[in-house]
Amino acid sequence: MPGRAEGGAVECQLSRLAFLAAALAALPTPAFAHASDRGHVLLLPTGYYIAGGAFAVAVSFLVLALLPPATLDNFWRRRLPLFTFSDTPRIVVSLISFAGFALLIAAGLVGSRDPLSNPLPLVIWTLLWAGFTLLQGVLGDLWAWLNPWYGPWRVVSRLVRSRWSEAQPSHLPSRLGYWPAFALFFAFAWFELIDPAPDDPARLAFAAGIYWLASFVAMLIFGYDAWSRRGEFLTVFFTMVAGFAPVERLDGRLSLCWPGAKLLAAAPLPPSGTAFLLLALSSVSFDGLSKTFLWLGLFGVNPLEYPGRTALVGIGSFGLVLTFVLLAAVFALAVFLGQRLAGDAQSFAKAAGLLVWSIVPIALAYHIAHYLTVLLVDGQYALVALSDPFALGWNLFGTANRMVEAGVVAGAGSAWWLWNLQAGVIIAGHVLAVLVAHGLAWRLHPQPSRAALSQLPLTVLMIAYTIFGLWLLATPTAG
């Protein structure tokens, strides 16, 4: 499992492992072995895929630079109205979600100690973090209904603090921006990727329960809207991801739009919001990088003798920070150079806060590609565990005796379709990011030639990140 216990990963084929280990041992470098959560050694011609992906992103920039702005503007504005619905059931749905969360916490405390038999780790790491992010990017802001804070907050604020209204002015200082959410997201990423035992049910139950309680208290103090929009990192993250979804809701009416169209109307983010989005991308990138032979070799770690997460806490913490700093620096440089090329008087903060929305398609694509195998395999374990949450022999949903089919991500055939799907998602995410970035650039530079020039450095960054992402999928990993 990426960044966590590997119990749900599919074992590599022994013959390929032996072949790779022997080949590496023959090199004049330390011997390494492959033991990846992907479950196979990629033998496809990845160089052609990487070159093709970079070419696709570059061509998309050239095509967009030649198109008249009015053509793309009409493209983005198209909507297909669907139906209307009210927010009345939202409280009930949230209360049901809270009840389910409370049961999961109880299961984490008293249920099975096996992370693949206890539903809490499987629901949080697989269904929520890996799977629900995909739903947000496809179906829109479902989290606004399903989050476990809204319903309890409405009940408590009316019964205990009835003098407070929903329109209560926020006491959360505006100068804090998104920094509370940034700090909490960093703590979450560290717990998922660096902590020695984030899959331990009791440990995870304690962390999740404390976080829910602390967030609930913050909502009572600062107001639900203020804290959920700038402090509660899951709501901030899911809301940003939902901006990419081809489903839009205005005044209670649902309509379909092009993926990414809503991002073009987004307001520029403050520096704290820009940092939050870049952290969302860099943390997933580091999760993949941290287990590669290249990264481990830099610190003298032999993947054949992988020492475990406890021995790599310092290295992992350093890498998590370094990946964010490098991505933020390169993004800032691309925006700065773009502004210089455009020769316009737009402020750097405004340009960066607006163009960072183009990171959303890339972050979503990396998230999907990175967690795809986890979702396919551990999602099955979650169905089994949810039928017997307390390990008492129950079969609530008729899935307790279901056999987990790990073969869905094993073998040469699976390697082919998994790689093509993951590579396609990453390339499509970058192409859509270029498309969104052009639309945002026209808001900064109404003159088409200046808008195109301003995007040259950012497009180079996206091409480089496409190559990096495809390399991460293909390179041998350990741990």
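This is a short tour of one small sheet, three helices and a few individual residues, in the order you might select them in your viewer. Keep in mind that the model is predicted.

**Stop 1: the sheet**

Start by selecting residues 80-84, which make up strand E1, and 247-250, which make up strand E2. Add residues 253-256, strand E3. Together they give an open sheet of 3 strands in the order E1-E3-E2, with antiparallel pairing. E1 and E2 are the edge strands, each pairing on one side only. From one strand to the next, the twist averages 30 degrees. As a reminder for the view in front of you, strands of a sheet pair through backbone hydrogen bonds, either parallel or antiparallel.

Now look at the two pairings in turn. Between E1 and E3, which run antiparallel, there are 3 bridges. Select Pro-81 and you will find Ser-255 as its bridge partner in E3. Then move to Thr-84, which stands opposite Arg-253 in E3.

How many bridges join E2 to E3? There are 4, and this pair also runs antiparallel. Keep Arg-253 of E3 highlighted, since Leu-250 stands opposite Arg-253 as well. Select Arg-249 next: its bridge partner in E3 is Leu-254.

Before leaving the sheet, zoom in on the hairpin that E2 and E3 form, with 2 residues between them. In that turn, Asp-251 has a positive phi of about 55 degrees. For context, most residues other than glycine have a negative phi.

**Stop 2: helix H8**

Select residues 179-193, helix H8. The end C-alpha atoms of this helix are 21 Å apart, which agrees with the 21 Å that its 15 residues should span at 1.5 Å a residue. Colour by accessibility and look for the buried positions of H8, among them Pro-180, Ala-181, Phe-182, Phe-188, Ala-189 and Leu-193.

Is Phe-185, in the same helix, buried or exposed? Phe-185 lies in H8 and counts as buried because its relative accessibility is 0%. From Phe-185, draw a distance to Glu-232: the two are 47 residues apart along the chain, and their C-alpha atoms are separated by 8.7 Å.

**Stop 3: Asp-199 and its partner**

Step past the end of H8 into the loop that leads to helix H9 (201-222), where you will find Asp-199. With 4% relative accessibility, Asp-199 counts as buried. Which residue does its side chain touch through a polar contact? Select Trp-125: the side chains of Asp-199 and Trp-125 are joined by a polar contact of 3.3 Å. The two residues lie 74 residues apart in sequence, and the C-alpha to C-alpha distance is 8.4 Å.

**Stop 4: helix H14 and its crossings**

Next, select residues 313-342, helix H14. H14 has 30 residues and reaches 44 Å from its first C-alpha to its last, close to the 44 Å expected at 1.5 Å a residue. Its buried residues include Gly-316, Gly-319, Leu-320, Thr-323, Phe-324, Leu-327 and Phe-331. Further along H14, Ala-334, Val-335, Gly-338, Gln-339 and Ala-342 are also buried. When you look down the helix, remember that an α-helix has 3.6 residues a turn, so residues three or four places apart point the same way.

Bring H8 back into view beside H14. Their axes come within 11 Å and cross at roughly 140 degrees, which makes H8 oblique to H14. The crossing of these two helices, H8 and H14, is right-handed.

Then add residues 271-289, helix H12. The axes of H12 and H14 come within 9 Å and cross at roughly 130 degrees, so H12 is oblique to H14. H12 passes H14 in a right-handed crossing.

Stay with H14 for one more click: Gly-343 follows the helix, and the phi of Gly-343 is positive, near 65 degrees.

**Stop 5: Ala-391**

Finish in the loop between helix H16 (359-387) and helix H17 (412-444), where you can select Ala-391. What is notable about the backbone here? Ala-391 has a positive phi of about 55 degrees although it is not a glycine. With a relative accessible area of 48%, Ala-391 is partly exposed.

Notes:
Residues are numbered from 1 along each chain as its sequence is written. This is a predicted model: local features need pLDDT of at least 70, side-chain atom pairs count only at pLDDT 80 or more; totals for chains, interfaces and linings use all residues. Side-chain values use heavy atoms; hydrogens and water are left out. Two strands pair if DSSP finds at least two bridges between them. Axes are lines fitted to C-alpha atoms, for helices over the stretch in contact, and angles run from 0 to 180 degrees between N-to-C directions. The expected span of a helix is 1.5 Å times one less than its number of residues. Buried means under 20% relative accessible area, exposed over 50%, partly exposed in between (1.4 Å probe, protein chains only). A polar contact is a pair of N or O atoms within 3.5 Å; within protein, one must be able to donate a hydrogen and the other to accept it, and residues adjacent in sequence count only if both atoms are side-chain atoms. Angles under 35 degrees count as roughly parallel, over 145 as roughly antiparallel, 65 to 115 as roughly perpendicular and the rest as oblique. A crossing is left-handed if the near helix is turned anticlockwise from the far one by less than a right angle, and right-handed if clockwise.
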